[in-house]
Amino acid sequence: MLLAPRHIKLLVLSLYHSDWYKKRRADQDEWQLQKNLTLDVGVRFETQSGIPDHSDPSPHFGIAWAPFRSKQRQSLLVLRAGSGIYYDRFSIGNLVTTTRQGNPALQQTYTVDDPQFFSTTVPSPSASWTLTTYRISPDLRSEYEIDSSASAEISLGKRGSLAFTFLNKVQKHQWVSINANAPRVDGTRPFGNAAGNIYEFVSGAEGLGNWFYIDPRIKITKSLTMSGHFNFKRQTADTFGPTYFASNSYDIHQDYGRSPSDRRYSASVSLSDTLKWGIRMACFLNARAGEPFNITTGADNNGDSIFNDRPSYASASSDPANVVHTSYGDLNLKPQPGERIVPINLGHSAGPFVSVQMQASKTWKFGSRRLPSGGDGKSNLRRDPRYDLNLSVEGQNITNTVSPAPPVGVLSSPFFGKSIATSNNFLATSAANRTFAAHLSLSF
């Protein structure tokens, strides 16, 4: 058994408000301070074995105020605000990796630079192969984020509603992978060459995100309804998950910059209407801005066995043979001392990307149900139909718009800056072209 039971234990203890508060609600997590003012306060304590950190308190609070609420009517405006600390759990998959590949006596993993064997027979390890092990940092902490939000919900009466929300995320102790035995500038390794590569999960990264949402729901006519979600955001970080390797194991923050998910805006709008003969129509429009992509050299310049090194801006001392002229400036494939490394995710794919879906459906109800016989021994017919026959036709990407995937970011590739795939983020199918599908179902 590679993973001992102690590695997967997870203890969660929720502590909510004390009984002394007279106006507390029965669920013990919400108080009605006034008829138009509600307060939520709580604390959650978490701990996880298998990692060094065992103390994760998670306080949170929220408040909602309806300033114009009265006994005769609901408030046309509801204001909400809240904040809390939320932790992530270190995944079992990563614990398995450190257990299985952390002890060479259980499993040996080697990194081979420029292998010359391409057959089904793998040769025995040689001195040129680098032993690679995984481990968890002795001071690893549970990563968490402080989420704070404020919103305003405006009632438009019978016409619908409109909501505005601002969300701020401050991410601390974020997980990232490094090579703890990466070569220094002088070529030496902290734990010696015999130790090889020591891939280590650490929690020294951080991030910051700001989101602004607009959510309208408008009843245009008696049967026509419009719903929308508009998202504007900015996300920066120096890690993109625990298995993401820092490009510089001795300076994690060198990778601080735009997150791959930093799409400046996205929007989704839906229209639904019920037409003649009970035919229901729906139209969905999705749009989003282009996303950033990282520019790398395609080589392991610093010898840490990870191929995510970024180029530098060329200078007078750069070898012209290693300089590539791009729309982002003249970039040097082999950075020289003193040259500035380009920011992470410097590239940006074109946008916007738009996709339109439509759906038409019709339901026929027929048949009737029989209730169990009553005291008179007779069965009674129920009026509600027993069978539902539904026919729907759906079209995805009906405008057949081609949305390219982010361009290739490897500077040494002949395809650098070009998109060689399509993006199908909006679609349920693996293809990004226009598709139509018909569905027929019988419910009983």
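This section describes the pockets, selected strand pairings and a nonpolar surface patch of a predicted model. Local features require pLDDT of at least 70 and side-chain atom pairs pLDDT 80 or more, whereas totals for chains, interfaces and linings use all residues. Residues are numbered from 1 along each chain as its sequence is written, and side-chain values use heavy atoms, with hydrogens and water left out.

Pockets were defined on a 1 Å grid over the protein atoms alone, as open sets of points where a 1.4 Å probe fits, with protein on both sides within 12 Å along at least five of seven lines; lining residues have an atom within 4 Å of a point. The largest pocket encloses about 660 Å³, a volume being the space filled by probe spheres set on grid points joined across faces, edges and corners. Its lining comprises 21 residues, and Val 185, Asn 248, Asn 301, Asn 302 and Asp 309 lie nearest the centre. By class, this lining holds 7 nonpolar, 8 polar and 6 charged residues, where Ala, Val, Leu, Ile, Met, Phe, Trp, Tyr, Cys and Pro count as nonpolar, Asp, Glu, Lys and Arg as charged, and the others, Gly among them, as polar.

The second largest pocket has a volume of about 190 Å³. It is lined by 13 residues, those closest to its centre being Asn 36, Ala 66, Arg 69, Val 78 and Arg 80. At least two lining residues come from each of strand 3 (37–48), strand 4 (56–65) and strand 5 (77–87); strands are DSSP runs of E with at least two residues, numbered from the N terminus. The lining divides into 5 nonpolar, 5 polar and 3 charged residues.

Strand pairing requires at least two DSSP bridges. An open sheet of 3 strands follows the order 16-18-17 with antiparallel pairing, and its edges are strand 16 (312–313) and strand 17 (323–326). Strand 17 is joined to strand 18 (329–332) by 4 bridges, with Val 323 opposite Asn 332. Elsewhere, strand 23 (387–396) pairs antiparallel with strand 20 (353–366) over 9 bridges and with strand 24 (435–443) over 9 bridges. Lys 362 faces Leu 391 of strand 23, while Glu 394 stands opposite Ala 437 of strand 24.

Leu 391 also belongs to a nonpolar surface patch with Trp 364, Phe 366, Leu 440, Leu 442 and Phe 444, together exposing about 670 Å² of accessible area. Patch residues have over 30% relative accessible area and no salt bridge, and nonpolar side chains (Val, Leu, Ile, Met, Phe, Trp, Tyr) are joined within 5 Å. Areas come from the Shrake-Rupley method with a 1.4 Å probe, only the protein chains shown counting as cover for residues; a salt bridge places a side-chain nitrogen of Lys or Arg within 4 Å of a carboxyl oxygen of Asp or Glu. Strand 20 and strand 24 each contribute at least two patch residues.

Terms used
Patches are made of residues with over 30% relative accessible area and no salt bridge: like charges are joined within 9 Å, nonpolar side chains (Val, Leu, Ile, Met, Phe, Trp, Tyr) within 5 Å.
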